Amino acid sequence: MSTPGPVLILGGRSDIGRAVAHAFAAKGHPIQLAARGAASLETSRKDMELRHGVSVTLHEFDALDMAGQAGFIDALPALPEIVVCAVGLLGDQYDDERDFDAATRVMRSNFEAPANILGLFANRFETRGTGTLVGISSVAGDRGRASNYIYGSAKAGFTAYLSGLRNRLARKGIHVVTVKPGFVATSMTAGMDLPEKLTAAPEMLGEKIVQAVERRRNVIYVKPVWALVMLIIRNIPEAVFKKTSI
Amino acid sequence: MMLSGWGRFPRIDCQVTRPLTEDALRAQVAKGGLIARGNGRAYGDSALSPGNTVDMRGFRHMLAFDAATGVLTVEAGVLLGDVISAFLPRGWFPPVTPGTKFVTIGGMIAADVHGKNHHKHGSFGQFVDWIDVMGADGAVTRCSRHENPELFGWTLGGMGLTGVILRAAFRLTRVETAWIRQTMIPAPDLDAAMAAFEASGDATYSVAWIDCLRLGDGLGRSLVMLGEHATFAELKLPEKRDPLLAPKRRRLTVPFDLPGFLLNGATLRAFNALYYNQGARNAGESLVDWDSYFYPLDAILGWNRSYGRKGFAQFQCALPLASSRQGLQALLKAIAAAGMGSFLAVLKRFGPQDSRFSFPMEGYTLALDFPVNRGTLALLDRLDRITLDHGGRFYLAKDSRMRAETLRAADPRVAGFLEMRGADARAETFTSAQSKRLTL
């Protein structure tokens, strides 16, 4: 096998982004970490280099700055082999129902921004003829629920976008992976009482994503049980579903 | 949340936070009554504080490595296993390792852990160059043998009660391969085991599994295991192709609590007889990969559940050389007579140790665990008594039930530790369920 190509992590500050970066670095891939305020990720960068002996570079990236996205890609030291988009914003459903600016921000962060940046990479990968795009979407996008439909609807859009991109690029040698993590034990969810059997550690998520890329999987639920859970949730008749509180 | 140490006894409802920055940690320190917790491998209540337990695993970065000297600088929450994964392929190994790799570096310093090479190299603290400690006022102090040596000395083995260990630099050791050349010496009784230890002071690693249920002639029969890092020349094909890479071991998981009655005198006696005879047949030299040699139990994830829902208590004492033989005999007799013991009994020769509050002392150490019930708790009190009578002391990282007066009787260093704790508001700011129980 040739030397592993560079992997770009968009949203490299999050626990999930970090875990995915470590998982690819452990396989010998050079890492490009992109995040807002990237300079403050120096400790993470050094840590990754020390642990895995690969080169790790930091890149300033503001996902919501649409105008800057093309320039961001051009400024990368090399067009990556694999792009993982871990950009996202959970928001607060209750507050966001009352604050449209905040709601718009959640929708843009989870759909518009990730979709656009992956779209730009898709075009470049198509020209080059190789590459893998990984979008971290969410089980919340499988069906809109009262508890998180602003976030969920944006993720639904992103899931559909990824599916379309995969369809478009399937015969061009470009692969697209959709990841639906379910619950992940991160600092964002620390203190929440998540059900143990449904919750994945970020490290597990990282390994599953590396595996999915290597095996050219299309859509993965990180814990298989989620596929079943969401199958049931998707198939509850709307007349019943609208009265539930899941 | 309900929290316990590795022994799953006691279980205490604790407020747990997981700060990711020094500022967030400082805010927790300001609340007082805090204990830092690593990966929860202390057996008892060392890393439990009902009001303010701080999960340090958010501080998980490796910070620097000097390939010329082997000095590695890490944040306290870095796991020993991650250090091995990162540096063994480059020819470096931890200078001292406990029996599990699932410990944090901060925890290793707080307990000043020892390994199978204690007789030769001392405890982990010997290899620590400096430690950054956050004090009660939230300020971070770097301490070493030259800079703030008092704080450095008391922090090694201080069980997190001198402040929060934030970062440390320690020296890795060079190895040529990932393999250990092991020599197995069957010892039919305690005297033979001790003679084997005394004759193998030059061995890098030495440890014995001891049958603690055997009475009479075979009291203290043991399998003494010596080890050396194998050199490249000592490997054969195919290992020679990738000398620093050992095969990944298969992992088992104990998925649920086994019923406590599975471990009784009869099953343990049968197991021990089988284990001893198997070992005796394999006497002599063999090559063992690092993971199986140092961490046999890490292959069984959640082995602590095998003692049942009530958990278990570890007993580990150190006895001075002069009274070791008598003391060990008395301890083994008491254990065997009670018919309670475990297949995880370990005997080890300690070398000299000169430190403020660390556990080891020159002599012998005996470690074993018991399922928690009224009978074993009474037995443990008897073992405490025997240890005291022979001038021994106890390992706080294993303890979950000792009395405050026992600790004081065993360890005259407590007075100095209390004096240290009295200064700079440490005593109120840093407390654990263990420090309260032992009135430290």
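Helices (H or I, at least four residues) and strands (E, at least two) are DSSP runs, numbered from the N terminus. The model is predicted: local features need pLDDT of at least 70, side-chain atom pairs count only at pLDDT 80 or more, and totals for chains, interfaces and linings use all residues. Residues are numbered from 1 along each chain as its sequence is written, chains are lettered from A and ligands numbered from 1 in the order in which they are written, and side-chain values use heavy atoms, with hydrogens and water left out.

**Exercise 1. Cis peptide bonds**

Task: Find where B:Pro238 lies, and state the geometry of the peptide bond from B:Leu237 to B:Pro238. Then treat B:Phe9 and B:Pro10 likewise.

Solution:
- Place B:Pro238 in the loop between β15 (222-229) and β16 (252-253) of chain B.
- Read the bond from B:Leu237 to B:Pro238: it is cis, with omega near 0°.
- Turn to B:Phe9 and B:Pro10, which are joined by a cis peptide bond with omega of about -5°.
- Place B:Pro10 in the loop between β1 (2-4) and β2 (11-13) of chain B.
- Set this against the general rule: most residues other than glycine have a negative phi, and most peptide bonds are trans.

**Exercise 2. Positive phi**

Task: Compare the settings of B:Arg8 and B:Ala425. Is each buried or partly exposed?

Solution:
- Start with phi. B:Arg8 is not a glycine, yet its phi is positive, about 60°.
- B:Ala425 is not a glycine either, and its phi is also positive, about 60°.
- Locate B:Arg8 in the loop between β1 and β2 of chain B.
- Locate B:Ala425 in the loop between α12 (414-422) and α13 (426-429) of chain B.
- Apply the cut-offs: buried means under 20% relative accessible area, exposed over 50%, partly exposed in between (1.4 Å probe, protein chains only).
- B:Arg8 has a relative accessible area of 13%, so it is buried. B:Ala425 has 31%, so it counts as partly exposed.

**Exercise 3. Surroundings of B:Thr376**

Task: Describe the position of B:Thr376 and what it touches.

Solution:
- B:Thr376 belongs to helix α10 (residues 374-389) of chain B.
- Its relative accessible area is 2%, so B:Thr376 is buried.
- Contact means heavy atoms within 4.5 Å. Beyond neighbours within four places in sequence, B:Thr376 is in contact with B:Met340, B:Phe370 and B:Pro371.
- A polar atom of the B:Thr376 side chain lies 2.7 Å from the backbone oxygen of B:Pro371.
- For scale along the chain, B:Ala427 is 51 residues away, and the two C-alpha atoms are separated by 32 Å.

**Exercise 4. A buried aspartate**

Task: Which side chain does B:Asp298 meet in a polar contact?

Solution:
- B:Asp298 sits in the loop between α8 (290-294) and β18 (300-301) of chain B.
- Its relative accessibility is 3%, so B:Asp298 counts as buried.
- A polar contact is a pair of N or O atoms within 3.5 Å; within protein, one must be able to donate a hydrogen and the other to accept it, and residues adjacent in sequence count only if both atoms are side-chain atoms.
- The partner is B:Thr100, with the side chains joined at 2.9 Å.

**Exercise 5. Helix α2 of chain A**

Task: List the buried residues of α2(A) and the elements they pack against.

Solution:
- The helix covers residues 42-52 of chain A, and A:Ser44, A:Arg45, A:Asp47, A:Met48, A:Leu50 and A:Arg51 are buried.
- In chain A, these residues pack against α1 (15-26), β2 (31-35) and β3 (56-60).
- In chain B, they pack against β6 (62-66) and α2 (80-87).
- Just after the helix, A:Gly53 takes a positive phi of about 60°.
- Strand β2 of chain A also holds A:Gln32. With a relative accessible area of 3%, A:Gln32 is buried.

**Exercise 6. The nonpolar cores**

Task: Which residues have the most contacts inside the largest nonpolar core?

Solution:
- A nonpolar core is a set of buried Ala, Val, Leu, Ile, Met, Phe, Trp, Tyr and Cys residues joined through side-chain atoms within 4.5 Å.
- The largest has 115 residues, and B:Ile105, B:Leu347 and B:Leu383 have the most contacts inside it.
- Apart from that core lies another, of 29 residues, including A:Ala21, A:Val56, A:Ile136 and A:Val184.
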